[in-house]
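Biologist: I am new to this structure and would like a close look at one part of it, the nonpolar core, set against the chain as a whole. Please take me through it slowly.

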Amino acid sequence: QVQLVESGGGVVQPGGSLRLSCSASGIIFSSTAMSWFRQAPGKQRELVATISSCDITAIADSVKGRFAISRDNAKNTVYLQMNSLKPEDTAVYYCNAADSRVRGSWGQGTQVTVSS
């Protein structure tokens, strides 16, 4: 059973930075492409970034140049480094397998609030 635990969110001023972490279990992490998603109030969940098992990354246009995804297979953890945060980045951030066929249940996510 896939279990995902996100952490690292918080309240930050515009222009600030946060680093999110997602610990995964119940999957062969090193061979699983992982993604970060976010869901703002009243909006659908959207894909933010993906990292393949070979460390190839893809970043959504809305955050390109500001966000970076990385992984540590030894720790079964995927990270999202968020810089130059904007109020529109405010959302609950989730991680999960990139491939919906192997995706586990969604975790609780971690709240990111960008506000002055």
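Before we turn inward, how far apart are the mean positions of the positive and negative charges of the protein chain? And which residues and strands build the largest nonpolar core?

Modeller: Please keep in mind that this is a predicted model. To take the charges at the start, the protein chain has 11 positive and 8 negative charges, and their mean positions lie 1 Å apart.

As for the overall frame, the chain holds ten strands and zero helices, so that, read from the N terminus, its elements run β-β-β-β-β-β-β-β-β-β. The radius of gyration is 13 Å, close to the 13 Å that the globule rule gives for 116 residues, and the chain is therefore as compact as a globular protein of that length. The C-alpha trace spans about 40 × 25 × 20 Å along its principal axes, and buried residues make up 42% of the 116 residues. Of the contacts between residues at least 6 apart in sequence, 52% join residues at least 24 apart.

Now to the core itself. The largest nonpolar core has 28 residues, and those with the most contacts inside it are Trp36, Val78, Leu80, Met82 and Tyr93. Two or more residues each come from β3 (18-25), β4 (34-39), β5 (46-51), β7 (67-72), β8 (77-82), β9 (91-97) and β10 (110-114), with the largest share, four residues, supplied by β3.

Two of those well-connected residues deserve a closer look. Trp36 is found in strand β4 and counts as buried because its relative accessible area, 0%, is under 20%. From Trp36 to Ala58 the C-alpha distance is 11 Å, although the two are 22 residues apart in sequence. Met82, leaving aside residues up to four places away in sequence, touches Gly16, Ser17, Leu18, Leu20, Arg66, Phe67, Tyr93 and Val112.

Trp36 also leads us to Tyr94, a residue of strand β9 that is likewise buried, at 11% relative accessibility. Among the residues that Tyr94 touches beyond four places in sequence are Ser35, Trp36 and Phe37, together with Glu6, Gln39, Arg45 and Trp106. Tyr94 and Ser7 stand 87 residues apart in sequence, yet their C-alpha atoms are 9.3 Å apart in space.

Turning finally from the core to the outside, the chain exposes about 6,100 Å², of which carbon and sulfur atoms supply 47%.

Methods:
Residues are numbered from 1 along each chain as its sequence is written. This is a predicted model: local features need pLDDT of at least 70, side-chain atom pairs count only at pLDDT 80 or more; totals for chains, interfaces and linings use all residues. Side-chain values use heavy atoms; hydrogens and water are left out. A nonpolar core is a set of buried Ala, Val, Leu, Ile, Met, Phe, Trp, Tyr and Cys residues joined through side-chain atoms within 4.5 Å. Buried means under 20% relative accessible area, exposed over 50%, partly exposed in between (1.4 Å probe, protein chains only). Contact means heavy atoms within 4.5 Å. The radius of gyration is taken over C-alpha atoms; the globule rule is 2.2 Å times the number of residues to the power 0.38. Accessible areas come from the Shrake-Rupley method with a 1.4 Å probe; for residues, only the protein chains shown count as cover. Lys and Arg count as positive and Asp and Glu as negative; His and the chain ends are not counted. The place of a charge is taken as NZ of Lys, CZ of Arg, CG of Asp or CD of Glu.
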